[in-house]
Structure formats: C-alpha cells, structure tokens
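User: I would like to go through this protein with you, one topic at a time. Could you open it so that we can begin?

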Amino acid sequence: MFRVFCVKFSCDASYVISGSDDTNLRLWKAKASEQLGVLHPRERRKHEYHEAVKNRYKHLPEVKRIVRHRHLPKPIYKAAALRRTMIEAERRKAERRKAHSAPGSIVTEPLRKKRIIKEVE
C-alpha cells in the first residue's frame with residue numbers, strides 16, 4: 001500500500017474509505033471486530049448488552065485498559081519502539097550539545113518552522 005491521501009467515513013459510519021497514491025480506494029470496517037452480515041435478534045441484543053456493560057464500567061482502570069487495547073503486528077510494534085528510541089536519543093543529544101556549548105552559538109529552530117518546506121505568497 002502506498003501513501004494515503006484522503007480518508008472518509010461512510011454515511012452510516014460503519015466503513016472507512018481511504019484513497020492512496022496508487023489510485024486505489026480501499027474499504028475498511030470502522031469496527032474491525034464487528035461481524036458483517038445480518039444479525040439475528042438474539043445476537044443483536046447480546047452485542048447491545050456487551051456495549052452497555054462496557055459503557056457502564058468504562059471508568060474502571062481494568063475495563064478501560066481492555067477497551068483501549070488494539071492489536072499491532074510485532075514487526076510494526078518493534079519498528080515504532082525503535083523509532084521512538086532513536087528520536088528520543090536525537091533529542092537528548094541536541095539538548096546536551098546545546099548545554100555544553102557557548103551561549104548563543106547553537107540556535108535551535110522551532111519544530112513548527114522546521115516542518116515548513118516552502119512558503120508561497
């Protein structure tokens with residue numbers, strides 16, 4: 001999959017549509033664990049009950065942790081952790097370099113200005 005340029009919800013908010021660099025539209029379920037297709041009344045009541053219980057006890061730390069959990073594949077999780085470590089090390093290094101240099105010799109550019117590539121008037 002290439003870079004994602006736009007993301008929209010469907011009218012009933014049950015799907016997410018993404019458009020990417022390779023001119024493809026992809027359709028995703030908004031709730032990945034939700035079952036597609038027709039639900040029997042008994043199944044629907046069961047899902048509604050589970051949602052009500054989650055809503056009722058959402059303030060408890062144990063329930064909050066379970067509801068917030070999302071599975072990530074191990075390589076993606078490890079890559080994200082490695083990237084966080086590298087960014088943190090780079091930040092620490094810049095701070096230490098600034099602390100041990102002459103005052104005013106190292107000027108740090110704010111992150112907001114660093115991200116701007118080109119200003120068009």
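**Cysteines, sheet and pockets**

Analyst: Cys11 is exposed, with a relative accessible area of 89%. Please keep in mind that the model is predicted.

User: Is Cys6 buried, partly exposed or exposed?

Analyst: Cys6 counts as partly exposed, because its relative accessibility is 43%.

User: How many disulfides are there?

Analyst: The count is zero disulfides. In general, a disulfide is a covalent bond between the sulfur atoms of two cysteines.

User: Why is Cys6 without such a bond?

Analyst: The closest cysteine sulfur to that of Cys6 belongs to Cys11, and it is 15 Å away, which is too far for a bond. A disulfide requires the two sulfur atoms to be within 2.5 Å. Cys11 is likewise in no disulfide, since its nearest cysteine sulfur is that of Cys6.

User: Let us turn to the strands. In what order do they form the sheet?

Analyst: The sheet is open and has three strands in the order E1-E2-E3, with antiparallel pairing. Strands E1 (4-9) and E3 (25-29) are the edge strands, and each of them pairs on one side only. From one strand to the next, the twist averages 25°.

User: What holds strands together in general?

Analyst: Strands of a sheet pair through backbone hydrogen bonds, and the pairing may be parallel or antiparallel.

User: How many bridges join E1 to E2?

Analyst: Five bridges join E1 to strand E2, which covers residues 15-20, and the two run antiparallel. Cys6 has Gly19 in E2 as its bridge partner. Another pair is Phe9 with Val16, the latter lying in E2.

User: And what about E2 and E3, over how many bridges do they pair?

Analyst: E2 and E3 also pair over five bridges, in the antiparallel sense. Here Tyr15 stands opposite Lys29, which belongs to E3.

User: How many residues of E1 are buried?

Analyst: Zero of the six residues of E1 are buried, so this strand is hardly covered.

User: Now the loops. Which residue between E1 and E2 has a positive phi?

Analyst: That residue is Ala13, whose phi is near 60°. The hairpin of E1 and E2 has five residues between the strands, and Ala13 is found in that loop. Ala13 counts as partly exposed, because its relative accessibility is 43%.

User: Why do you point out a positive phi?

Analyst: The sign is worth noting because most residues other than glycine have a negative phi. Ala13 is a residue other than glycine, yet its phi is positive.

User: Which residue has a positive phi in the hairpin of E2 and E3?

Analyst: In that hairpin, which has four residues between the strands, Thr23 takes a positive phi near 55°. Thr23 is not a glycine either. It is found in the loop between E2 and E3, and it is exposed, with a relative accessible area of 71%.

User: Let us change topic to the pockets. How is empty space found in general?

Analyst: Rolling a probe the size of a water molecule over the atoms shows where empty space is left.

User: How much space lies in the largest pocket, then?

Analyst: The largest pocket holds about 750 Å³ of space. Its lining consists of 17 residues, and those nearest its centre are Lys31, Ser33, Glu34, Glu51 and Lys54.

User: Which elements give two or more residues to that lining?

Analyst: They are E3 and helix H1 (41-56). H1 gives the most to the lining of the largest pocket, namely five residues.

User: What classes of residue line the largest pocket?

Analyst: Its lining has seven charged, five polar and five nonpolar residues.

User: What volume does the second largest pocket have?

Analyst: The volume of the second largest pocket is about 300 Å³. The residues that line it include Ile87, Glu90, Arg91 and Ala94, as well as Thr108, Glu109, Leu111 and Lys114.

User: Which helices supply at least two residues of that lining?

Analyst: Helix H3 (74-99) and helix H4 (111-115) each do so. The largest share of the lining of the second largest pocket comes from H3, with four residues.

User: And how do the residues of that lining divide by class?

Analyst: The lining of the second largest pocket has four charged residues, three nonpolar and one polar.

Conventions
Residues are numbered from 1 along each chain as its sequence is written. This is a predicted model: local features need pLDDT of at least 70, side-chain atom pairs count only at pLDDT 80 or more; totals for chains, interfaces and linings use all residues. Side-chain values use heavy atoms; hydrogens and water are left out. Two strands pair if DSSP finds at least two bridges between them. Axes are lines fitted to C-alpha atoms, for helices over the stretch in contact, and angles run from 0 to 180 degrees between N-to-C directions. Buried means under 20% relative accessible area, exposed over 50%, partly exposed in between (1.4 Å probe, protein chains only). On a 1 Å grid over the protein atoms alone, a cavity is a set of points where a 1.4 Å probe fits but cannot get out, and a pocket is an open set with protein on both sides within 12 Å along at least five of seven lines; lining residues have an atom within 4 Å of a point. Grid points are joined across faces, edges and corners, and a volume is the space filled by probe spheres set on the points. Ala, Val, Leu, Ile, Met, Phe, Trp, Tyr, Cys and Pro count as nonpolar, Asp, Glu, Lys and Arg as charged, and the others, Gly among them, as polar.
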